[in-house]
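Trainee: I should like to go through this structure and ask, for each label, on what grounds it is given.

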Amino acid sequence: MTDPKITRLNPLPALIFSSRWLQLPLYLGLIVAQGVYVFQFVKELIHLVHDAATLTEQGIMLIVLGLIDVVMISNLLVMVIVGGYETFVSRMRLEGHPDQPEWLSHVNASVLKVKLAMAIIGISSIHLLKTFIGAGNLGLPLCGTPEAYEAARAIASMTASGVATAANSVAETAKLARCSEVTSEGVMWQSIIHFLFIVSALGIAMTDKLMSGAHKAPAKAH
């Protein structure tokens, strides 16, 4: 039995400790955000199924990578909602529950930071892979720019005049019909940022390991 005198707090400490419940609306808001991501996932899935017959292999791959991206962000939200509530607000008392996450039994602020960093690296990897897929169009006019509009106008005029049907202009026509959504500078900076995410995660993990070793050393001395 727990002594009530030990758990009873003075009014001021009790007020300060109770302020942790102010975080509850934040976690509820993240649940709403997860519902929005579910809607986005369903919308993209319907688009994939509906246009499967007309999409190219690259287009299907980009949509699938987008679906994976949504799933990974949703996993990150679950980790923040469940782990953050358990760590900073109140115990959920899931011990013995068949659906208790395996990582929740030993979660703390440090473990949560490392897991969040790894999840962010995974999400960044998906975005970087999508960029690399589109990097094959580097050198073409950037989509939405006047150069891209001029190229589209040129292909339209070539098609109208019948030039585009000539065998010697098929390759040129195909090139004019495309545009690039990425730039060399954008690919470079995205790669650098992804590398910095990896370095930051390694730094967080090493710092956590050093701090854990420093806490265990005095215990062994005793």
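Mentor: The chain holds eight helices and zero strands, and read along the sequence it follows the pattern α-α-α-α-α-α-α-α. Please bear in mind that this is a predicted model.

Trainee: What share of the chain is buried, and how are its contacts distributed along the sequence?

Mentor: Of the 222 residues in the chain, 24% are buried. Among contacts with a separation of 6 or more, 73% are between residues 24 or more positions apart. The accessible surface of the chain comes to about 15,400 Å², and carbon and sulfur atoms account for 68% of that area.

Trainee: What makes the contact between E86 and R91 a salt bridge?

Mentor: The closest N and O atoms of E86 and R91 are 3.2 Å apart. The criterion asks for a side-chain nitrogen of Lys or Arg within 4 Å of a carboxyl oxygen of Asp or Glu, so the pair of E86 and R91 qualifies. A search of the whole structure finds one salt bridge.

Trainee: Are the two partners, E86 and R91, buried or exposed?

Mentor: E86 has 9% relative accessibility and therefore counts as buried, the limit being under 20%. R91 stands at 55% and therefore counts as exposed, since that label applies over 50%.

Trainee: How many aromatic pairs are there, and why is the pair of W21 and Y85 called edge-to-face?

Mentor: The search of the whole structure finds two aromatic pairs. The ring centres of W21 and Y85 lie 6.3 Å apart, with the planes at 70°. Centres within 6.5 Å make a pair, and planes over 60 degrees apart make it edge-to-face, so both conditions are met by W21 and Y85. This pair links distant parts of the chain: W21 is in the loop between helix 2 (11-18) and helix 3 (24-50), whereas Y85 is in helix 4 (residues 57-89), 64 residues apart.

Trainee: Why is W21 called partly exposed?

Mentor: The relative accessibility of W21 is 36%. That value lies between the limits of 20% and 50%, so neither of the outer labels applies.

Trainee: What makes Y27 and Y85 an edge-to-face pair?

Mentor: Their ring centres are 6.4 Å apart and their planes stand at 85°, so the pair is edge-to-face by the criteria already applied. Y27 in helix 3 and Y85 in helix 4 are 58 residues apart, and this pair too links distant parts of the chain. Y27 is buried because its relative accessible area is 10%, under the limit of 20%. Through the ring pairs, W21, Y27 and Y85 are linked into a cluster.

Trainee: How do you know that R20 lies over the face of F17?

Mentor: R20 is 4.0 Å from the ring centre of F17. The distance limit is 6 Å, so that condition is satisfied; the criterion also requires a position within 35 degrees of the ring normal.

Trainee: Which residues make up the largest nonpolar core?

Mentor: M79, V82, W103, L104 and L112 make up this core, five residues in all. The label requires buried residues of the nonpolar kinds, joined through side-chain atoms within 4.5 Å. In soluble globular proteins, nonpolar side chains tend to be buried together. Not counting residues up to four places away in sequence, V82 touches M92, W103 and L104.

Trainee: Why is G83 called buried, and what does it contact?

Mentor: G83, in helix 4, has 0% relative accessibility and therefore counts as buried. Leaving aside neighbours within four places in sequence, G83 is in contact with V78, W103, L104 and L112.

Trainee: How do you know that T131 and H194 are buried?

Mentor: T131 lies in helix 5 (residues 109-134) and counts as buried because its relative accessibility is 9%. H194, in helix 8 (residues 184-221), is buried because its relative accessible area is 11%. Both values fall under the limit of 20%. Outside the four nearest places in sequence, T131 is in contact with V182, V187 and Q190; on the same basis H194 is in contact with I121, S124, S125 and L128.

Definitions and conventions: Residues are numbered from 1 along each chain as its sequence is written. This is a predicted model: local features need pLDDT of at least 70, side-chain atom pairs count only at pLDDT 80 or more; totals for chains, interfaces and linings use all residues. Side-chain values use heavy atoms; hydrogens and water are left out. Buried means under 20% relative accessible area, exposed over 50%, partly exposed in between (1.4 Å probe, protein chains only). Rings of Phe, Tyr and Trp (its six-membered ring) pair if their centres lie within 6.5 Å; planes under 30 degrees apart count as stacked, over 60 as edge-to-face and the rest as tilted. Helices (H or I, at least four residues) and strands (E, at least two) are DSSP runs, numbered from the N terminus. Contact means heavy atoms within 4.5 Å. Accessible areas come from the Shrake-Rupley method with a 1.4 Å probe; for residues, only the protein chains shown count as cover.
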